[in-house]
Amino acid sequence: MTLIKTSYNRRSFLKVSAAGSGGLVIGFNWLVSCSPSAETAIKGAPKEWFNVNAYLKIGENGLVTIMSPNPEVGQNIKTSMPMIVAEELDVAWKDVVVEQAPLDTEKFVRQVAGGSQSLRSSWKGLRMAGATARKMLMEAAAKQWQVDASTLTTSEGVIKNAKGETLTYGQIASAAASVTVPEEVELKDPSAFKIIGTDTKNVDIEKIITGKPQYGMDLKKEGMKVAVVLRPPSFGAKLKSFDDSETRKVTGVSDVIQFGNKVAVLGNTTWAAMKGKKALKAEWEEDTPAESTEYHDKQMMALLNTKNGEPRRNDGDVDAAFKTADNVIEKTFEGPFLPHNPMEPMNFYGHVTAAKVDLIGPIQTPERTRRQVAELLGRPETEIFIDMTRMGGGFGRRLYGDFVLEVAEISKLSNTPIKLVYTREDDMTAGIYRPASKYKFKAGVKDGKLVAYHLVGTGINGNGWTRENWFPAGSIPNYRVESYGLDSNITTGAWRAPITNFLAYAEQSFIDEVAEEMGVDAVQLRLDLLEKAKSDPVGTVDYEPEKMIGAIKLAAEKANWSATEDGVSKGFSAYYSHNSYVAMVAEVVNKKGQPSTRKVTCAVDCGIVINPIAAKNQIEGGIIDGIGHAMYGDMTFVNGAPQASNFNNYRLIRMGEAPPVIECHFVKNTNDPTGLGEPSLPPAGGALANAMYKATGQRFYKQPFMQQQIKLG
């Protein structure tokens, strides 16, 4: 059992307000306005709710509403976070109703969906919320029975004393609300968990599969107009003039508004607004030199080969080690721009009035977006209100609130409630892209050992293209890492597992090639390097070698790595990212002359697994995404314009091309949980490339693989 001070986040967590029904109720104004979802309540809506803290309230019939504070982007956080609160509260999950909390940074911790950090950063706060409520309920029951609270026990929403008498949480909730908030609470030992670690279905699954409104695109408001926006046809283009005379003739178009370098068409319906936009005539002029993929490639290759700046890491004497090496291996890997392509394109509702600004929709970063809207409109943040809907995918795109700024500006200029809608083409051609990048690796081998390693990374915008303290850092005595960026006017940003989504593939492919050159098994080489990093590390490392060793051994064991099978080629990969350790084996077979991934075996160390079924979903999604984009993903530019605009000319992996079998195995431990939204994607491309090499004899140095001539044996 663990003791935890409730002073953690006390300023936001613990507040006391006067209760209308007498006494003191610990709670918050917004909770008072929450209405329970009767259709999802097993017991039916209580007549009265008792607010215990920001995360939960208890009905007089024992029904418990638990708030899910973070944005739900498909990672199942809306289910997993309340599971943690319910565990420490010790209530039966069947008695729990989950509600999406609005943006309120005074009450909740880090309301962001990004970086696979939601559970990791909220773990203690969520446990404390449940444990605090449980202790207050027990104190209230102890007072009623005139006994010491330490003599009481709880189980599934029922408190029991030494005589065998019982009180339900609902029966004591009113009294508990007036109990002094404890300074310290006890957390359960993981061995006592009843909810955490069990497969728990998505709380919204029935609404999702029956098509009930859940997403931003579903939203409708009284008096709302729909806006679609004409944006520059290329990066670097500037609006010179436009003619909206034909647009205004379209039935249902209500207004046309220029804002900045764009033009918004407002309509009574989405269809009317889209027809109006199509009738717009606009002239554009180049504001900056138009860029192309060919230009980017040349400039980045020049950076890889000629730049000589300050290394980000430099252990030992790299140059001397390469001069004396028996064998030097040098390879370059190239990755393209990628759009995000969430299933639900960007959209948001906004209504700007003199009194306040209401914003509703799917956004991964509501707090930052609120600040940006406040700055744009010149309003205090206290007047900006953001409610979050579910998101039909994000992959990093919804980290950027540019579309929220757009709807706020259009609503202000039109003095109208607006729902902004992107078409698929808007989303793909005027988005924020994974930047193209390239890596040059060089390894030196002497006397059968890897003695020198040099990595140079480059990409579009920014210069943080490497993870210089991650594996294999710490395991090689002479180790240098450099990173250089190429400035561009093409908008770039985070894409699922930023940087590592390509770096991991390149690194893990290169290590596979080095192992072959050394004549050692690819798994054994990794284990040998990690043993060196564990027992006698060189410099600083930002990963735990022992955890990576555990994941590698588990994946190799479960995949039966050393066994061979006719017609099956295996590739290995392992990577640490977002505080989780993932190792995997991809198996490729010949399917009508083309490579086909028949199975992926994956081992993960992510600490305690909160909801195994959701964890597996995250891992499977990351693997399919990683394999799909390694095989097919590509976005090129000519004269500053994206060359793909919809799924007719942008290739995603198809259902029949996904691995039919993905096995997920977790390293069992009781460490605090880490994230899973991203960590399985980075190693997937490497495992696939290494398996395809076994199948074809061909190394893959450039993505997407399917643009190369592939011949299976």
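# Reading the terms off the model

Student: How many disulfides are there, and how do you know?

Tutor: The count comes to zero disulfides, where a disulfide is a pair of cysteine sulfur atoms within 2.5 Å. Before we go on: this is a predicted model, where local features need pLDDT of at least 70 and side-chain atom pairs count only at pLDDT 80 or more, while totals for chains, interfaces and linings use all residues. Residues are numbered from 1 along each chain as its sequence is written, and side-chain values use heavy atoms, with hydrogens and water left out.

Student: Why does C602 have no bond to C664?

Tutor: The closest cysteine sulfur to that of C602 belongs to C664 and is 5.6 Å away, which is too far for a bond. C606 is in no disulfide either, as its nearest cysteine sulfur, that of C602, is 9.8 Å off.

Student: And what makes C602 and C606 buried?

Tutor: Buried means under 20% relative accessible area, exposed means over 50%, and partly exposed is in between (1.4 Å probe, protein chains only). C602 has 0% and is therefore buried; C606, at 3%, is buried as well.

Student: How do you know that β14 and β15 are paired strands?

Tutor: Strands (E, at least two residues) and helices (H or I, at least four) are DSSP runs, numbered from the N terminus. Two strands pair if DSSP finds at least two bridges between them. Between β14 (residues 253-259) and β15 (residues 262-267) there are six bridges, and the strands run antiparallel. One example is I257, whose bridge partner in β15 is A264. The two strands form a hairpin with two residues between them, and G260 in the turn has a positive phi of about 60 degrees.

Student: Which annotated domain covers residues 210-288?

Tutor: The unreviewed UniProt entry lists "domain: Aldehyde oxidase/xanthine dehydrogenase a/b hammerhead" for them. Positions there are given in the numbering used here, feature names are shortened, and annotations may be inferred rather than shown by experiment. In the model, residues 210-288 are 13% helix and 41% strand, with the end C-alpha atoms 48 Å apart.

Student: What makes α7 a helix with one buried face?

Tutor: In α7 (residues 270-279), the residues A272, A273, G276 and K277 are buried. Seen down the axis of α7, these fall within an arc of 135 degrees, so they line one face of the helix. That arc is taken from the directions from the helix axis to the C-beta atoms. W271 and K278, on the other side of α7, are exposed.

Student: Why is the F333 and Y505 pair called edge-to-face?

Tutor: Rings of Phe, Tyr and Trp (its six-membered ring) pair if their centres lie within 6.5 Å; planes under 30 degrees apart count as stacked, over 60 as edge-to-face and the rest as tilted. The structure holds 22 aromatic pairs. In one of them, F333 and Y505 are 5.8 Å centre to centre with 90 degrees between the planes, which is edge-to-face. The pair links β18 (residues 327-335), home of F333, to α13 (residues 500-518), home of Y505, and the two residues are 172 apart. Both F333 and Y505 are buried.

Student: And why is the F348 and F403 pair called tilted?

Tutor: Their centres are 6.1 Å apart and the planes 50 degrees, hence tilted. F348 lies in β19 (residues 347-352) and F403 in α11 (residues 402-414), so the pair ties together parts that are 55 residues apart in sequence. F348 is at 1% relative accessibility and counts as buried, and so does F403 at 0%.

Student: How do you know that R434 sits over the ring of W495?

Tutor: A charge sits over a ring if NZ of Lys or CZ of Arg is within 6 Å of the ring centre and within 35 degrees of the ring normal. The charged end of R434 is 5.5 Å from the centre of the W495 ring. R699 lies over the face of Y693, at 3.6 Å from the ring centre.

Student: What makes N461 and H578 stand out in phi?

Tutor: Most residues other than glycine have a negative phi, and most peptide bonds are trans. N461, however, has a phi near 70 degrees, and H578 has one near 55 degrees. N461 is in the loop between β24 and β25 and, at 21%, is partly exposed. H578 is in the loop between β26 (569-577) and β27 (580-591) and is buried at 15%.

Student: Which peptide bonds into P472 and P704 are cis?

Tutor: The bond from F471 to P472 is cis, with omega near 10 degrees, and the bond from Q703 to P704 is cis, with omega near 0 degrees. P704 is found in the segment after α17 (681-696).
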